[in-house]
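Please open the model in your viewer and keep the selection panel at hand. The stops below say what to select at each point and what is found there.

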Amino acid sequence: MSSEFLVSLLGERLVNSEKAEVDVQSLGTRLSLVGLFFGCSLNGPCKQFNGSLCDFYGRFKKSSEHKDKLEIVFISSDQEQKHWQDFVQEMPWPALPFKDRHKKMKLWNKYKVTSIPSLVFVDAANGKVVCRNGLLVVRDDPKGLEFPWGPKPFVEVVAGPLLRNNRQTTDSSSLEGHYVGVYFSAHWCPPCRSLTRVLVESYRTIKESGHKFEIVFVSADRSEESFKQYFSEMPWLAVPYSDEARRSRLNRLFGIQGIPTLILLDTEGHVVTRQGRVEVLNDPECRLFPWHPRPVLELNESNAVQLHEGPCLVLFVDAEEEGELEPAKELIQPIAEKLMAKYKAKEEETPLLFFVAGEDDMTDSLRDYTNLPEAAPLLTILDMSARAKYVRDVEEITPSVVEQFVGEFLADKLKPEPI
């Protein structure tokens with residue numbers, strides 16, 4: 001089965017360092033896992049990681065009992081064919097053809113790659129992410145003993161003693177039955193420090209309102225000293241700084257690409273939202289806790305970061321007042337809900353986020369940046385990482401217009417304009 005799926009994901013042909021073609025159909029018959037290596041030949045860290053990955057791959061192909069089940073495919077953001085060609089020469093695995101830019105962009109989006117180098121392991125049969133943080137796999141499991149590096153339950157990965165800042169420890173089993181915020185942060189990072197100040201208030205508010213709630217700090221500090229200093233400001237628990245392996249496993253489990261990140265888990269240990277930072281800043285009274293994803297967001301300063309996390313449908317309306325955005329939200333809400341439910345059933349992330357935007361400085365600068373017409377209402381899909389936009393300019397925006405627009409976008413039938 002995986003052959004057909006892989007062809008739809010990667011195309012029929014890949015190329016290798018000998019400039020020979022690799023047939024994806026025959027490749028797919030034995031594979032269970034594909035590592036998508038996103039990078040660029042001109043990026044120093046990518047060059048460096050490529051060296052480690054070559055060592056890892058060589059060992060795996062020589063001595064692992066699973067050697068036939070894994071293949072790596074390079075997906076490049078190079079602009080020059082010569083640079084790309086030289087880089088592919090150093091690789092023992094195949095690459096997506098240089099000219100196939102459209103396919104590359106789709107893969108960068110599908111797997112929400114925001115920084116390079118990035119190595120995402122996906123199931124060869126259906127493309128689901130098995131492990132988002134392959135860089136840590138290569139570092140932490142150099143012999144590939146933990147293949148296929150799939151997600152383990154949170155309770156298993158966090159297992160062990162946790163610290164309180166009064167020097168006492170408690171066992172991770174004390175988290176049972178609690179909502180848990182897993183907080184990836186470090187003292188050297190200014191946005192982290194300002195989030196921590198707000199989070200301390202939120203933590204108290206949530207606990208006072210009677211919820212069983214705990215936060216576990218996973219430090220990215222550069223020394224035990226700065227960890228201790230930072231943790232002294234926090235009223236919650238932390239993974240001991242010295243337990244580097246457990247901190248790394250937690251980073252790997254949640255595919256952390258940057259800090260501060262606050263991941264919220266329900267009482268069963270399933271992810272409620274990865275956008276804890278946005279939620280805490282947006283909802284200082286914590287009225288919406290535990291912050292289940294809302295199908296449609298009103299665009300504002302704190303949630304605008306999500307525009308960079310993949311394609312977003314943004315409906316711009318002529319509204320000065322907050323309340324005037326409600327009818328626009330009601331218009332697209334059922335379509336957003338239906339899409340969320342469909343992908344939730346497949347255990348996949350929704351491929352499109354939905355926003356309504358009124359009139360304010362934030363919206364003006366977004367329109368300027370993406371070079372959109374002044375019209376309102378205006379229905380758009382913005383894909384910042386691909387620097388692409390799709391605009392549906394119609395007299396009247398109705399549910400069927402939105403539904404058709406979304407359907408055509410997801411079926412890849414729309415022609416992008418550059419941002």
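**Where two domains meet**

Begin with domain 1 and domain 2 coloured separately: in this predicted model, about 710 Å² of area is buried between the two, and carbon and sulfur atoms give 42% of that area. The size of an interface is often given as the accessible area lost when the parts come together. For the selections themselves, domain 1 covers residues 1-140 and domain 2 covers 154-282, while domain 3, at 297-418, is the remaining part of the division. The C-alpha centres of domain 1 and domain 2 are 33 Å apart.

Next, reduce the view to the residues in contact, which are 11 from domain 1 and 6 from domain 2. Between these two domains there are 5 residue pairs in polar contact, with both residues of each pair at pLDDT 80 or more. Helix H6, residues 134-140, supplies 4 residues to the side of domain 1 that touches domain 2, which is the largest share of that side. By class, that same side of domain 1 holds 3 nonpolar, 4 polar and 4 charged residues.

Which side chains meet in a salt bridge? Select Asp 140 and Arg 252, whose side chains come to 3.9 Å, N to O; the count of salt bridges between domain 1 and domain 2 is 1.

**Two buried residues**

Now select Leu 250, which lies in helix H10, residues 244-254. Is Leu 250 buried or exposed? Its relative accessibility is 0%, and therefore Leu 250 counts as buried. Showing its surroundings, with neighbours within four places in sequence left aside, brings up contacts to Phe 154, Val 157, Val 158, Phe 184, Val 218 and Val 239. Of these contacts, Val 158 can be checked with a distance label: its C-alpha atom is 7.1 Å from that of Leu 250, although the two residues are 92 residues apart along the chain.

Move on to Thr 196 in helix H8, residues 190-208. Because its relative accessibility is 1%, where the cut-off for buried is under 20%, Thr 196 also counts as buried. Again leaving aside neighbours within four places in sequence, the residues in contact with Thr 196 are Tyr 183, Ser 185, Tyr 230, Met 234 and Trp 236.

**Backbone stops in the loops**

For the next stop, display the backbone around Ile 116 and Pro 117, which are joined by a cis peptide bond with omega of about -5°. Pro 117 belongs to the loop between helix H5 (101-110) and strand S5 (118-123). Stay in this loop between H5 and S5 and select Lys 112, where phi is near 45°, a positive value in a residue other than glycine. With a relative accessibility of 24%, Lys 112 counts as partly exposed.

Where is the peptide bond from Ile 259 to Pro 260 cis, and what is its omega? Select these two residues and read the torsion at the bond that links them, where omega is near -5°. Pro 260 is in the loop between H10 and strand S12 (261-265), and H10 is the helix in which Leu 250 was selected earlier.

Finish at Arg 167, in the loop between strand S7 (161-163) and strand S8 (169-171). Arg 167 is not a glycine, yet its phi is positive, at about 75°. Its relative accessible area is 74%, so Arg 167 is exposed.

Technical notes: Residues are numbered from 1 along each chain as its sequence is written. This is a predicted model: local features need pLDDT of at least 70, side-chain atom pairs count only at pLDDT 80 or more; totals for chains, interfaces and linings use all residues. Side-chain values use heavy atoms; hydrogens and water are left out. Domain bounds come from an automatic or database domain assignment. Contact means heavy atoms within 4.5 Å. Buried area is the accessible area (1.4 Å probe) that two parts lose on being put together, summed over both. A salt bridge is a side-chain nitrogen of Lys or Arg within 4 Å of a carboxyl oxygen of Asp or Glu. A polar contact is a pair of N or O atoms within 3.5 Å; within protein, one must be able to donate a hydrogen and the other to accept it, and residues adjacent in sequence count only if both atoms are side-chain atoms. Ala, Val, Leu, Ile, Met, Phe, Trp, Tyr, Cys and Pro count as nonpolar, Asp, Glu, Lys and Arg as charged, and the others, Gly among them, as polar. Buried means under 20% relative accessible area, exposed over 50%, partly exposed in between (1.4 Å probe, protein chains only).
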